[in-house]
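User: I am new to this structure. Please take me through the evidence behind each label.

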Amino acid sequence: MSANAATPDTATNVAQLLAKMTIEEKIGQMTQVDFTVIGVAPENVNAVRGEIDPAKLDDAVLKHHVGSILNTPFTPNNQAQPVEIWRNMQQIIQATAAKSRLKIPVLYGIDAIHGATYTQNSTLFPQAISMAATFNPDLSFKAGEITAREIRASGLQWNFSPVMDIGRQPLWPRLWETYGEDVHLATIMGTRFIQGHQGTDFSAADKGLTCLKHYVGYSFPFNGKDRTPAYISERMLREIFLPSFAAGVKAGAPTVMINSAEVDGIPGHANYHYLTTILRDELGFKGFTLSDWEDIKRLYTRDKVAASEKDAVKIAVMAGVDMSMVPFDFSFYDNLLALVKSGDVPMARIDEAVGRILTVKFQAGLFDAPKAPLPIAENFATPYATATNLQAARESIVLAKNQEHILPLKKAANILVTGPTANLLSVMNGGWTITWQGDAEALYPKDKLTLLGALQQQSTGKISYVGGNRFDDAIDIAKVVAAAKEHDYIVLSLGENTYTETKGNIASLALDKSQQALADAVFATGKPVILVTFGGRPRIITSIAEKASAVLLGFLPGMEGGLAMADILYGDYNPDAKLPITYPRDTNDIVLYDYKSMESFEDNTYNPLYPFGHGLSYTTFETRHLQLDKSHVGFYDDVKVSVDVSNTGSIAGKETVLVYLHDAVASVSRPNKQLKAFQKVALAPGETKHLSFTLTHDDLSFIGVDLKRIVESGDFIVMVGEERVTFNVN
Ligand code: BGC
């Protein structure tokens, strides 16, 4: 339980404040607008950075009483601002709020999803999919700590992160914003991020509020496109998509952002069952819910579950939306005011929503005497933060293939580097980097290294590059082939350009033809090829990976990704990441690791290019002596699992031991295996460590026929490495 639990004092403060508020002031608190609503129109600004228009700010904060503002100033690229500009903007906004009748501070929200996205030169970590590949919860904790520090140094306090959606649809353009396909891994990584970001008290000067998003079922669009329908049964919801949010609520996240799309025909913002019955009554969430971008209006403009914008407001508020990310006008405010006055929305519901918002504002310390923002030098992009980021990047890169130990390469090797992702920082960072789409390469820091830059810096041999300056630049294949002759190896860097949300929709996971053609030409040279990939989704690389001597899957390793990749190529770092998703062999072969028996029955198979949990090292590991403390277990007993893990090779490295469980017979068909515990350990050559894990009642449970979580008697099989041990529950 966090120290931010509502105390009797907070409850009294909130009740006293509510009693003084007019309806208008209350409804204003439920309104969140974009920076453009208070910013000088972009055409009036000659500099790249946005400025606040005092008249517009007065209109929003003093006349419309808005409770919250979001986003970066609207400049030509909606781009990151210098840290000092952010601090100044926040001071101006709070100074205006302090002039209001009740002096209720504004809560400013930002998408700092892999570090302080919108503050220039911040520490930008591997994206969530890559953080998950580290299988290192301590790194997630540290990323949370550093991100909170850097947004606080920027005068900001509320982060629309972490994404607690489970990534089980590889086409979805936000897959990389998730911690992958497994419920347990995502739950642990997300919760540790929250703990690092909030500490035990998110009002502390170096801590910030988190926001669980996008509640719930957003990540599983049937057609793979962003903001399109999911069909999730109540059982699947409770088994796959809800547990990470439940854990986030338990970890003390004070805010929840709502699914922008729909599940089983009910838009997220109209779903009383999810927003109220489950979130409040079952999960016990006490904070406030926030709509996603314009999504209340869309109940009318897009989904047609509402007959008008006003009707949409009523439906959303009555379903359980507490704050509306409107975001460009005061329509929500006007409509809700009219609905309350006409009695269509009861005052009690308004008091409930506003009470929750004010409670979070008190808990965040916003009503306390204003604190000076954190000193920049000690808190922003420090050497410690950069070193932590580099370590996270190193631990996130998956060595998927290493034929005949071709890697690591000697520094004296002559290497030809080619491919659309070899010389760009953007492709290693993805969306929400400096700009929303992350594609403004020219704005990226000049002191960070691309893969090419890092190889050039570290090599003592010859490094040549044949490629473009932008992702889409045509690469001169004849030149690549000619240059290959003078080099020992070819590093072929393929993948995706940056994107997020609907702009990243694709029709196929296949790589584009130009990348395939480049790969074909490169293999025809006969030189050994090392395939490197960057990008947010598992694009199909099967035929290329089969011919390549080595394969390194980079996903989105962040600002230190180039350096980390070079460290691994040269053996300065021994790779230790594992896949947090199943890497498909073909576009339509989407079978996840926790498949059901019928998915590997008769002609069906789980036959991915690389399975979930796959990842090689330059050394070798072995797990042995898998043991349980008992073979007969009562329903509520814990089971202790122990295993020895050894480094059987000749260099130091880290191994993640994965503990899977299978329920042998059950009244609802069970996955062939599910990850229940994991631990990453460092081992010197020849060293063995004895590891212990605990399986609890909850680990044995599933959602039964009547949709309640149950444990059934019978055999359970624990699997670690090559070993399996059975225990019986009765
Ligand atoms: C995204 C959210 C984000 C919000 C605010 C929406 O379009 O779906 O993830 O937090 O914008 O920028």
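Analyst: This is a predicted model, in which local features need pLDDT of at least 70 and side-chain atom pairs count only at pLDDT 80 or more, while totals for chains, interfaces and linings use all residues. Residues are numbered from 1 along each chain as its sequence is written, and side-chain values use heavy atoms, without hydrogens and water.

User: Which residues are closest to the ligand, and how many surround it?

Analyst: The ligand has 13 residues around it. Closest are Asp 111, Arg 174, His 214, Arg 227 and Asp 292. To be near, a residue needs a heavy atom within 4 Å of the molecule.

User: What makes the approach of His 214 to a ligand oxygen atom a polar contact?

Analyst: A polar contact is a pair of N or O atoms within 3.5 Å; within protein, one must be able to donate a hydrogen and the other to accept it, and residues adjacent in sequence count only if both atoms are side-chain atoms. An N or O atom in the His 214 side chain lies 2.7 Å from a ligand oxygen atom, so the pair is within 3.5 Å. For Glu 501, the side-chain N or O atom is 2.9 Å from an oxygen atom of the ligand. The protein buries 96% of the 310 Å² that the ligand exposes when taken alone (Shrake-Rupley method, 1.4 Å probe).

User: Why is the pairing of Arg 670 and Glu 239 called a salt bridge?

Analyst: The rule asks for a side-chain nitrogen of Lys or Arg within 4 Å of a carboxyl oxygen of Asp or Glu. Arg 670 and Glu 239 meet at 2.7 Å, N to O, so the pair qualifies. The count between domain 1 and domain 3 is 1 salt bridge.

User: How do you know that domain 1 and domain 3 are in contact?

Analyst: Contact means heavy atoms within 4.5 Å. By that rule, 13 residues of domain 1 touch 16 residues of domain 3.
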